[in-house]
Amino acid sequence: MSGAGPVEPGENTRIRDTPSAPRPLAPRLETLTRRYAAHRRTALATALALALLTVGGSLYATRPRPRPAPPPPYPSQTVDLVYLSPAPTSGTAPTSGFSFTLALTVRSGPAVTVTRVAQPNAGLSVSSSPRAPFQTKSHSTRKITVTFRVTECEKVPRNAGFPFLDVTLRNVRAMETHSFILGPRYAEHLSEALQDACGNDSR
């Protein structure tokens with residue numbers, strides 16, 4: 001009799017056990033959910049803090065920066081030196097000495113210090129009162145008496161047609177020596193004083 005029926009296992013064979021199905025994910029998800037719920041506030045606070053730090057750092061890095069203040073002006077750009085008049089000499093001064101009164105004004109900027117007053121002629125020496133160095137504040141004027149002494153008449157020009165004073169100025173920006181031309185009245189009075197000091201003889 002022929003027919004198809006279940007296949008019988010042969011000799012020395014056995015049926016293998018099928019592997020068990022994987023464990024469901026539900027318990028793992030439940031554990032993760034419980035942990036997240038327990039630490040949710042901490043996680044949210046940390047994320048918010050990081051976001052705020054990122055935004056704050058970006059705003060700080062891109063903030064508009066103020067322009068640096070311009071440097072103060074050079075002292076020669078803020079100072080005026082003006083001739084006023086001849087000054088009387090003291091009775092003890094030698095006949096070869098004569099003085100002039102000047103006005104030094106600091107128009108703006110920081111205070112200016114006069115560190116030296118000089119003139120280019122080899123036959124004259126010059127000093128100032130107040131004695132250098134002295135300081136003048138901004139927006140103020142100081143009277144200065146400049147006294148000349150003739151040291152060698154042979155080297156002194158009888159007609160000082162274009163005289164000037166070399167004044168060394170200093171402020172917080174720089175130190176400069178500036179030549180001040182004091183005008184025709186100063187030139188006239190200086191020439192007269194030189195002629196009186198050295199006589200009217202020609203060189």
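**Exercise 1.** Determine which residues Pro-86 touches in this predicted model, leaving aside residues up to four places away in sequence, and describe the setting of Pro-86.

*Solution.*
1. Pro-86 touches Ser-99, Phe-100 and His-189, when residues up to four places away in sequence are not counted.
2. Pro-86 itself belongs to strand 1.
3. The C-alpha atoms of Pro-86 and Thr-101 are separated by 6.0 Å, although these positions lie 15 residues apart along the chain as a separation in sequence.
4. The relative accessible area of Pro-86 is 43%. Buried requires a value under 20% and exposed a value over 50%, so Pro-86 is classed as partly exposed.

**Exercise 2.** Establish in what order the four strands of the open sheet are arranged, and which strands stand at its edges.

*Solution.*
1. The order is 1-2-6-4, with antiparallel pairing.
2. Strand 1 (79-87) and strand 4 (124-129) each have a single partner strand, so one side of each lacks a neighbour in the sheet; these are the edge strands.
3. From one strand to the next, the twist averages 30 degrees.
4. Eight bridges pair strand 1 with strand 2 (residues 97-106) in the antiparallel sense. Within this pairing, Tyr-83 has Leu-102 of strand 2 as its bridge partner.
5. Helix 2 (residues 184-198) packs on the sheet and touches strand 1, strand 2, strand 4 and strand 6 (140-150). The direction of helix 2 makes about 160 degrees with that of strand 2.

**Exercise 3.** Decide whether strand 3 is largely enclosed or left open, and identify the strands to which bridges join strand 3.

*Solution.*
1. Of the seven residues of strand 3, five are buried, so the strand is largely enclosed by the rest of the structure.
2. Strand 3 runs antiparallel to strand 5 (residues 134-136), joined by three bridges. Here Thr-113 has Gln-135 as its bridge partner.
3. Strand 3 also runs antiparallel to strand 7, with five bridges. Here Ala-118 is partnered by Asp-166.

**Exercise 4.** Identify the residues with the most contacts inside the largest nonpolar core, and trace the elements that supply this core.

*Solution.*
1. The core has 28 residues, and those with the most contacts inside it are Leu-81, Phe-98, Phe-100, Phe-148, Leu-165, Leu-182 and Tyr-186.
2. At least two core residues come from each of strand 1, strand 2, strand 3 (112-118), strand 6, strand 7 (164-170) and helix 2.
3. Leu-165 illustrates the contacts: beyond four places in sequence, the residues touched include Leu-102, Ala-118, Val-146, Phe-148, Leu-182 and Tyr-186.

Methods:
Residues numbered from 1 in each chain as written. Predicted model: local features only at pLDDT ≥ 70, side-chain atom pairs only at ≥ 80, totals over all residues. Heavy atoms only, no water. Pairing = 2+ DSSP bridges. Axes fitted to C-alpha atoms, helices over the stretch in contact; angles between N-to-C directions. Contact = heavy atoms within 4.5 Å. Core = buried A, V, L, I, M, F, W, Y, C linked by side-chain atoms within 4.5 Å. Buried < 20%, exposed > 50% of the residue type's maximum accessible area, 1.4 Å probe, protein only.
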